[in-house]
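Let's walk through this one together, starting with a single helix and working outwards. Keep the viewer open as you read.

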Amino acid sequence: KMWDDAQRIANQYGITDIPITPPKNYKKKESKSGNLSILKQAMKFEEEKKYDDAISTYLRVTVDDCGSENRYDQVLERIVKLAVNYRQNRLQEIVQTVAQTLISMGRHASLGKILEGIEAYADAFEIYKMANMWDDAKRLSAFLEPNEQKQFERDYEKYLASKSDAEGLIGMGQADSALQILADKGEWDKCLRMAKNEGEHY
């Protein structure tokens with residue numbers, strides 16, 4: 001199911017390869033100041049309301065130009081916001097480009113934040129889930145359809161079980177699975193305390 005979700009997102013954004021971690025040939029490059037000339041040109045176009053030129057120029061900006069990956073994220077977020085506000089006809093194309101860039105860098109959290117910023121909650125949810133960012137995915141699961149929420153709960157429970165996260169399973173209401181994990185680990189005192197807290201049934 002998780003792979004199917006990843007493939008669906010890949011198809012939606014035109015991504016042909018979805019590494020969860022940065023590719024081996026990706027090198028993090030940061031400088032203290034960066035090259036501001038291209039950024040200044042993009043901002044000048046934006047001030048002049050030449051939004052197509054501004055977007056195209058921002059898209060040419062690199063991490064090196066920005067001086068850090070965090071600043072680069074801000075540039076990509078700015079591109080998407082410009083498209084939302086002034087160039088709706090280019091929005092899909094731009095989101096695809098931004099998604100490809102950030103996923104290739106392994107910056108799923110940044111992409112999720114950008115998608116949330118344009119209220120694309122279902123897509124942000126899938127990105128978080130694809131990257132095993134389950135807390136963020138859980139936070140957005142309320143935006144899903146009821147049947148999708150149930151599927152997420154099943155997937156999340158499997159993930160918690162795979163991590164032997166008894167506390168997380170208790171939080172999901174899966175006391176039996178949580179107690180079994182503690183018993184398998186030989187943590188009998190904790191198992192008994194948890195069973196007592198769950199009531200007379202245990």
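A good place to land is the inward-facing side of α5, where the buried residues are Glu69, Tyr72, Asp73, Val75, Leu76, Glu77, Ile79, Val80, Leu82 and Ala83. Bear in mind as you look around that this is a predicted model. So what do those buried residues of α5 pack against? The list is α2 (37-47), α3 (51-59), α4 (63-66), α6 and α7 (108-117).

As for α5 itself, the helix has 18 residues and covers 26 Å from its first C-alpha to its last. That is close to the 26 Å expected at 1.5 Å a residue.

Now pick out one of those partners, α6. The axes of α5 (residues 69-86) and α6 (residues 91-104) come within 9 Å, crossing at roughly 165°. Anything over 145 degrees counts as roughly antiparallel, and α5 and α6 are therefore roughly antiparallel to each other. If you care about the hand of the crossing, it's left-handed for α5 and α6.

Who actually touches whom here? On the α5 side you'll find Tyr72, Asp73, Leu76, Ile79, Val80, Ala83 and Val84, and they meet Leu91, Ile94, Val95, Val98, Thr101 and Leu102 of α6. Sorted by class, this contact between α5 and α6 has eleven nonpolar residues, one polar and one charged. Several α5 names should look familiar: Tyr72, Asp73 and Leu76 are among the residues that meet α6, and Tyr72, Asp73 and Leu76 are also on the buried list.

Next, swing over to two more of the helices that α5 packs against, α2 and α3. How do they sit relative to each other? The axes of α2 and α3 come within 7 Å and cross at roughly 160°. That makes α2 roughly antiparallel to α3, and their crossing is left-handed.

In this pair, Ile38, Gln41, Ala42, Met43, Phe45 and Glu46 from α2 meet Tyr51, Asp53, Ala54, Thr57 and Tyr58 from α3. The residues of the α2 and α3 contact split into seven nonpolar, two polar and two charged.

Finally, zoom out. The protein has 13 helices and zero strands, so to speak one helix after another when you read along the sequence. Of its 202 residues, 40% count as buried. And among the contacts in the protein with a separation of 6 or more, 51% come from residues 24 or more positions apart.

Definitions and conventions: Residues numbered from 1 in each chain as written. Predicted model: local features only at pLDDT ≥ 70, side-chain atom pairs only at ≥ 80, totals over all residues. Heavy atoms only, no water. Axes fitted to C-alpha atoms, helices over the stretch in contact; angles between N-to-C directions. Helix = DSSP H or I, 4+ residues; strand = E, 2+ residues; numbered from the N terminus. Parallel < 35°, antiparallel > 145°, perpendicular 65-115°, else oblique. Left-handed = near helix turned anticlockwise from the far one by under 90°. Contact = heavy atoms within 4.5 Å. Nonpolar A, V, L, I, M, F, W, Y, C, P; charged D, E, K, R; others polar. Expected span 1.5 Å × (residues − 1). Buried < 20%, exposed > 50% of the residue type's maximum accessible area, 1.4 Å probe, protein only.
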